[in-house]
Amino acid sequence: MRGIKRLAVLAVLSITYVFSPLTATVSVNAAEPTGYAKAEDVVYVKDGKKVANWGTREEECTFLSTYAAAFYQGDYSYEALSKKNGGTSKENASNSDLYGSLHDLMETKHKTPPTYGDARYLFGYTDCERSDTATISCFYSATDFNNKWDQGATWNREHTWPKSKSLNGSSKGGADEDDFIMLRPTLTSKNSDRGNTAYGESAGFFDPGEKVRGDCARIALYVYTRWENTKYMWGESGVMESLSILLKWMEEDPVDTWEMGRNDAVESITGTRNVFVDYPEYAWLLFGEKIPADMTTPSGLAKSLGEVGSPSVPSEPSEPSEPTKPSTPSEPSDGKEEKPTGGCEEGVHDYSEWITVKEATDSQNGLRMRTCYACGATEDEILPATHSSPGTSDLMSMIGCNASLGVVSGVSVMLACAFVILRKKE
């Protein structure tokens, strides 16, 4: 009996140790590529409505995720937005129809913004890799550390758009300076290295490193557009050195699956996304610049469009934001663009194949979604729980354990077994 009691006490002490507020542990990033080639491959790990970042750094993203495809519908589809006029330079881009529409889309969807304080406990979902929510990846250095908040001793919250350059121009910041898309976890030492210096390559600017240059440029464009902060965008007194540097960085450091995964995670928390991650092409259209024909983007539209300026609409993109029916492409006999048909005006849709958003488990329902080729309408369907005989992995899922907390799960099972034996002894 005493041996059993000792086992129970050890189990309790082990759990207390695991969850104690220790200093964050720092290690070298070693996440493997996801290997995902299309949206249907992505396996989402959820905690209620929150989705974990499923991507990996430096793995180029060549597809739009299921969340991304569903975000751009109707008047906000790529086809509709790309018809709108952008500016002809950085001086008038913010007055353009395209700028206004992109702002309206991101603002309208921004339903549940977390507070600055909340960010400390949400980075585990948004800034992890491959859904390992116990580990956070430092924005600038890609160094891994556990998600324990230690009052900023190891890591803190980096304002990629400095507070002193917020809408109210003070160190107190405002709603724009609590924006979760703009806040990123960084090692405290890396944060202090930058201060509030603008991003750039010339003397007097802060170069974040080639592996995150594109990330920084896309975040800056988000704040510039979502919060209409045009005053502090350019030059030494702003956030980006110049338009040419911004576009250069976006082209040379394309979107990786980590950015796409973070966009999914952020949307699950806030409701909105960074449109310049899903469609980097908008940056060139917004400023009236030619889209590089060989640039890799999630939608694939840059390569299918060739070098074109704003505004422009693709005639037959190979990988559009709305899914296209798989078929062998043929040249229309009359030289006109082929249009999908589906009889949507009669309420009859031509849907794509089902895409599983959440797998069904023994105890929880799943969810799948499909999109109409013709009009973009979406339909979802509940996948019933399997209710199969629970194996070991199912039991762990039923008691709310995450794969990333395997140690805690094992200790919990040990504790449960100890108390069962105790009761039988009594």
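**Close-up views of a predicted model**

**View 1. Ile-181, a residue whose relative accessibility of 5% makes it count as buried.** The model shown in this and the following views is predicted. Ile-181 has its place in the loop between S6 and S7, and the cut-off for calling a residue buried is a relative accessible area under 20%, so that its value of 5% falls on the buried side. Leaving out residues up to four places away in sequence, Ile-181 touches Ile-219, Tyr-222, Arg-262, Val-266, Thr-272, Arg-273 and Asn-274. The C-alpha atoms of Ile-181 and Asn-263 are 8.2 Å apart in space, although the two residues are 82 positions apart in sequence.

**View 2. Ala-265 in helix H9, with a residue 215 positions away in sequence.** With a relative accessibility of 0%, Ala-265 counts as buried. The C-alpha atom of Ala-265 is 6.6 Å from that of Lys-50. Once neighbours within four places in sequence are set aside, Ala-265 is in contact with Val-51, Ala-52, Asn-53, Tyr-125 and Thr-126. Two of these partners, Tyr-125 and Thr-126, are among the buried residues of H5, the helix that is the subject of the next view.

**View 3. Helix H5 (residues 119–126) and the elements that cover it.** Helix H5 is mostly covered, with six of its eight residues buried, and these are Ala-119, Leu-122, Phe-123, Gly-124, Tyr-125 and Thr-126. The cover over these residues includes strands S2 (46–47), S3 (50–51), S4 (135–137), S6 (155–159) and S7 (183–187), together with helix H9 (257–270).

**View 4. Two residues other than glycine with a positive phi, Ser-131 and Gln-151.** Most residues other than glycine have a negative phi. Ser-131, however, has a positive phi of about 65°, and the phi of Gln-151 is near 65°. Ser-131 lies in the loop between H5 and S4, whereas Gln-151 lies in the loop between strand S5 (144–146) and S6. Ser-131 is buried, with a relative accessible area of 10%, while Gln-151, at 66% relative accessibility, counts as exposed.

**View 5. Asn-191 in helix H6 (residues 188–194).** The relative accessible area of Asn-191 is 14%, and the residue is therefore buried, given that the cut-off is 20%. Not counting residues up to four places away in sequence, Asn-191 touches Asn-156, Arg-157, Glu-158 and Thr-186.

**View 6. The packing of helix H4 (residues 97–109) against helix H7 (residues 213–226).** The two helices pack at an angle of about 95°, and their axes are 8 Å apart. Angles of 65 to 115 degrees count as roughly perpendicular, and H4 and H7 are therefore roughly perpendicular to each other. On the H4 side the contact is made by Tyr-99, Leu-102, His-103, Met-106 and Glu-107, which meet Tyr-222, Tyr-224, Thr-225 and Arg-226 in H7. By residue type, this contact divides into five nonpolar, two polar and two charged residues.

**View 7. The largest nonpolar core of the chain, with 79 residues.** The core members that touch the most other members are Trp-161, Leu-221, Tyr-224, Met-233, Met-240, Leu-246 and Tyr-282. Helix H7 supplies the largest share of this core, namely eight residues. In soluble globular proteins, nonpolar side chains tend to be buried together. Across the chain, 48% of the 426 residues count as buried.

**View 8. The surroundings of Met-240 and of helix H8 (residues 243–252).** With residues up to four places away in sequence left out, Met-240 touches Ala-198, Tyr-199, Ala-217, Ala-220, Met-233, Trp-234, Gly-235, Ile-245, Leu-246 and Trp-249. Three of these partners, Ile-245, Leu-246 and Trp-249, are in helix H8, where they are buried. Also buried in H8 are Leu-243, Leu-247 and Met-250. The elements covering the buried residues of H8 include H7, helix H10 (275–278) and helix H11 (281–286).

**View 9. The whole chain, as context for the close-ups, with 14 helices and 10 strands.** Among the contacts in the chain with a separation of 6 or more, 66% are accounted for by residues 24 or more positions apart. The chain exposes about 20400 Å², of which carbon and sulfur atoms supply 51%.

Terms used:
Residues numbered from 1 in each chain as written. Predicted model: local features only at pLDDT ≥ 70, side-chain atom pairs only at ≥ 80, totals over all residues. Heavy atoms only, no water. Axes fitted to C-alpha atoms, helices over the stretch in contact; angles between N-to-C directions. Helix = DSSP H or I, 4+ residues; strand = E, 2+ residues; numbered from the N terminus. Parallel < 35°, antiparallel > 145°, perpendicular 65-115°, else oblique. Contact = heavy atoms within 4.5 Å. Nonpolar A, V, L, I, M, F, W, Y, C, P; charged D, E, K, R; others polar. Buried < 20%, exposed > 50% of the residue type's maximum accessible area, 1.4 Å probe, protein only. Areas by Shrake-Rupley, 256 points an atom, 1.4 Å probe, with all protein chains shown as cover. Core = buried A, V, L, I, M, F, W, Y, C linked by side-chain atoms within 4.5 Å.
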